[in-house]
Amino acid sequence: MPIFKKLVIMIVLGILGLVLYALFFYNPCNYSHKKPNPNNKYQLLIANEGSHFKDSVVSVLTKHYSSKPVNIKIIPLSALSQIEPKEYHAIVILHSWYTWKPPPIVEGFVQKHHNCLENIVSFSTSFYGNLKMKELDGITGASKMSDANGYAQKLIEKINPLLKY
């Protein structure tokens, strides 16, 4: 078989392998596809804008709460407008700031539910790590991978009282 045919076959198989991986295993934002356990006492929602850094923080949070009686639902930040805060014991919103403003979806959510923000914790990232919405309890920081565990621990400290831990 000529080398050209072998090369074409290898490329086609490589592309097929990548497509199959993307369809079955690739989950960059760690979005939850598990059915909730009806025996779990608490509901935790994580709305993640998605980045390697934020996904690392979400991974630490899900590992921490997976051994507790907590149903964890992870959604993309773009789905936040469909959420009713009263259905969850705690909501964590992870987002970045752009041109000194939070994403419009977060601003709209906060304005819409301004009377029921007590169960919402935010983690906002910015260049200097100091921008935060005054309406929400939360933490701020810069997206440094080496700090992901530390930020996750700070979020856990804010989430635990909402889940009665």
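## Exercises on a five-stranded sheet

Strand 3 is mostly covered, with seven of its seven residues buried. Keep that in mind as you work through this predicted model.

**Exercise 1. Which residues of strand 3 are buried on one side, and which on the other?**

*Solution.* Start with the general pattern: in a regular strand, side chains alternate between the two faces of the sheet. Now sort the residues of strand 3 by side. Ala90, Val92, Leu94 and Ser96 belong to one side, while Ile91, Ile93 and His95 belong to the other. Each of these residues is buried, and both faces of strand 3 are covered.

**Exercise 2. Work out the order of the strands in the sheet, and say which strands are at its edges.**

*Solution.* Begin with a reminder: strands of a sheet pair through backbone hydrogen bonds, either parallel or antiparallel. Next, take the pairs in turn.

- Strand 1 (residues 42-48) runs parallel to strand 2, and seven bridges join them. Here Tyr42 stands opposite Val70 in strand 2.
- Strand 1 also pairs with strand 3 in the parallel sense, over five bridges. Across this pairing, Ala47 faces Ile93 in strand 3.
- Strand 3 goes on to pair with strand 4, again in the parallel sense, over six bridges. Ile91 has Ile120 of strand 4 as its bridge partner.

Put together, the five strands give an open sheet with the order 2-1-3-4-5 and parallel pairing. Strand 2 (70-76) and strand 5 (137-141) are the edge strands, each pairing on one side only. From one strand to the next, the twist averages 15 degrees.

**Exercise 3. Which strands does helix 2 lie across, and at what angle does it run to strand 1?**

*Solution.* Find helix 2 at residues 52-65 and follow it over the sheet: the helix lies across strand 1, strand 2, strand 3 (90-96) and strand 4. Its angle to strand 1 is about 170 degrees. Then turn to helix 3 (residues 104-112), which joins with strand 3 and strand 4 in a right-handed β-α-β unit.

**Exercise 4. Is Ser122 buried or exposed, and which residues is it in contact with?**

*Solution.* First place the residue: Ser122 sits in strand 4 (residues 120-125). Next, check the area. Ser122 has a relative accessible area of 1%, and the cut-off for buried is under 20%, so Ser122 is buried. Finally, list its contacts, leaving aside neighbours within four places in sequence: Ile93, Leu136, Asp137, Gly138, Ile139 and Leu155. Among them, Ile93 is one of the buried residues of strand 3 from Exercise 1.

**Exercise 5. How many salt bridges are there, and how accessible are the residues that form them?**

*Solution.* The principle is that side chains of opposite charge can pair when their charged atoms come close. The count is two salt bridges.

1. Glu49 pairs with Lys54, their closest N and O atoms being 3.8 Å apart. Glu49 is partly exposed because its relative accessibility is 22%, whereas Lys54, at 2%, is buried.
2. Asp137 and Lys158 meet through their side chains, at 3.1 Å from N to O. This pair links distant parts of the chain, with Asp137 in strand 5 and Lys158 in helix 4 (residues 148-159), 21 residues apart. Asp137 counts as partly exposed at 40% relative accessibility, and Lys158 is partly exposed at 28%.

As a last step, return to Exercise 4: Asp137 is also one of the contacts of Ser122.

How values were computed:
Residues numbered from 1 in each chain as written. Predicted model: local features only at pLDDT ≥ 70, side-chain atom pairs only at ≥ 80, totals over all residues. Heavy atoms only, no water. Helix = DSSP H or I, 4+ residues; strand = E, 2+ residues; numbered from the N terminus. Buried < 20%, exposed > 50% of the residue type's maximum accessible area, 1.4 Å probe, protein only. Contact = heavy atoms within 4.5 Å. Pairing = 2+ DSSP bridges. Axes fitted to C-alpha atoms, helices over the stretch in contact; angles between N-to-C directions. Right-handed = clockwise from strand over helix to strand, strands pointing away. Salt bridge = Lys/Arg side-chain N within 4 Å of Asp/Glu carboxyl O.
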